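User: Please take me slowly through one part of this structure, beginning with a single residue and then moving outward to whatever surrounds that residue. I would like each technical term explained when it comes up.

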Amino acid sequence: MSERINRVKEVLVIKGMSQKELAAQLGKNPNTITSICNNKSQPHLKDLKRIAEILDVDIRELLVSTRD
């Protein structure tokens, strides 16, 4: 299993937005968003920033903390 790095899937649920809606607003293929949500791939920083803007959250909320 891949290491959990981002929280995009969790934040989508909290915000009540689907992966397809995010893909459309971001201009990405829905499969790309699925891979990001499953931590199989990670978004480029510019895309992560845009995701944060779309979801109206601080970019740090999309990442798993490296500290306990």
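Analyst: Ile33 is buried, with a relative accessible area of 1%, where buried stands for under 20% relative accessible area, exposed for over 50%, and partly exposed for what lies in between, computed with a 1.4 Å probe on protein chains only. This is a predicted model, in which local features need pLDDT of at least 70 and side-chain atom pairs count only at pLDDT 80 or more, while totals for chains, interfaces and linings use all residues. Residues are numbered from 1 along each chain as its sequence is written, and side-chain values use heavy atoms, with hydrogens and water left out.

Ile33 has its place in helix H3; helices (H or I, at least four residues) and strands (E, at least two) are DSSP runs, numbered from the N terminus. If we set aside the neighbours within four places in sequence, Ile33 is in contact with Gln19, Leu22, Ala23, Leu26 and Lys28, contact being heavy atoms within 4.5 Å. Another pairing to look at is Ile33 with Lys9, since these two are 24 residues apart in sequence and 9.1 Å apart in space, C-alpha to C-alpha.

Stepping back to the whole helix, we find that the buried residues of H3 are Ile33, Ile36 and Cys37. They span an arc of only 95 degrees around the axis, which puts them on the same side of H3; the arc is taken over the directions from the helix axis to the C-beta atoms. These buried residues of H3 pack against helix H1 (8-15) and against H2.

H2 can be read in a similar way, with Leu22, Ala23 and Leu26 as buried residues. Their arc around the axis is only 100 degrees, and therefore they sit on the same side of H2. On the other side of H2, by contrast, Lys20 and Ala24 are exposed. The buried residues of H2 pack against H1, H3 and H4, and the helix is followed by Gly27, whose phi is positive, near 75 degrees.

How do H2 and H3 meet? The axes of H2 (residues 19-26) and H3 (residues 30-37) come within 8 Å and cross at roughly 120 degrees. Axes here are lines fitted to C-alpha atoms, for helices over the stretch in contact, and angles run from 0 to 180 degrees between N-to-C directions. H2 and H3 are therefore oblique to each other, given that angles under 35 degrees count as roughly parallel, over 145 as roughly antiparallel, 65 to 115 as roughly perpendicular and the rest as oblique. The crossing of H2 and H3 is right-handed, a word used if the near helix is turned clockwise from the far one by less than a right angle, whereas anticlockwise would make it left-handed. From H2, the residues Gln19, Leu22, Ala23 and Leu26 meet Pro30, Ile33, Thr34 and Cys37 in H3. By class, this contact has six nonpolar, two polar and no charged residues, with Ala, Val, Leu, Ile, Met, Phe, Trp, Tyr, Cys and Pro counted as nonpolar, Asp, Glu, Lys and Arg as charged, and the others, Gly among them, as polar.

H2 also packs with H4 (residues 45-55), at an angle of about 115 degrees and with the axes 11 Å apart, and this crossing is right-handed as well. Leu22, Gln25 and Leu26 of H2 make the contact with Asp47, Arg50, Ile51 and Ile54 of H4, and these residues divide into four nonpolar, one polar and two charged. One of them, Asp47, counts as buried at 13% relative accessibility. Leaving aside neighbours within four places in sequence, Asp47 is in contact with Leu26 and Lys28.

Between H3 and H4 runs a loop that holds Asn39, a residue that counts as buried at 9% relative accessibility. Most residues other than glycine have a negative phi. Phi of Asn39, however, is near 60 degrees, a positive value in a residue other than glycine.
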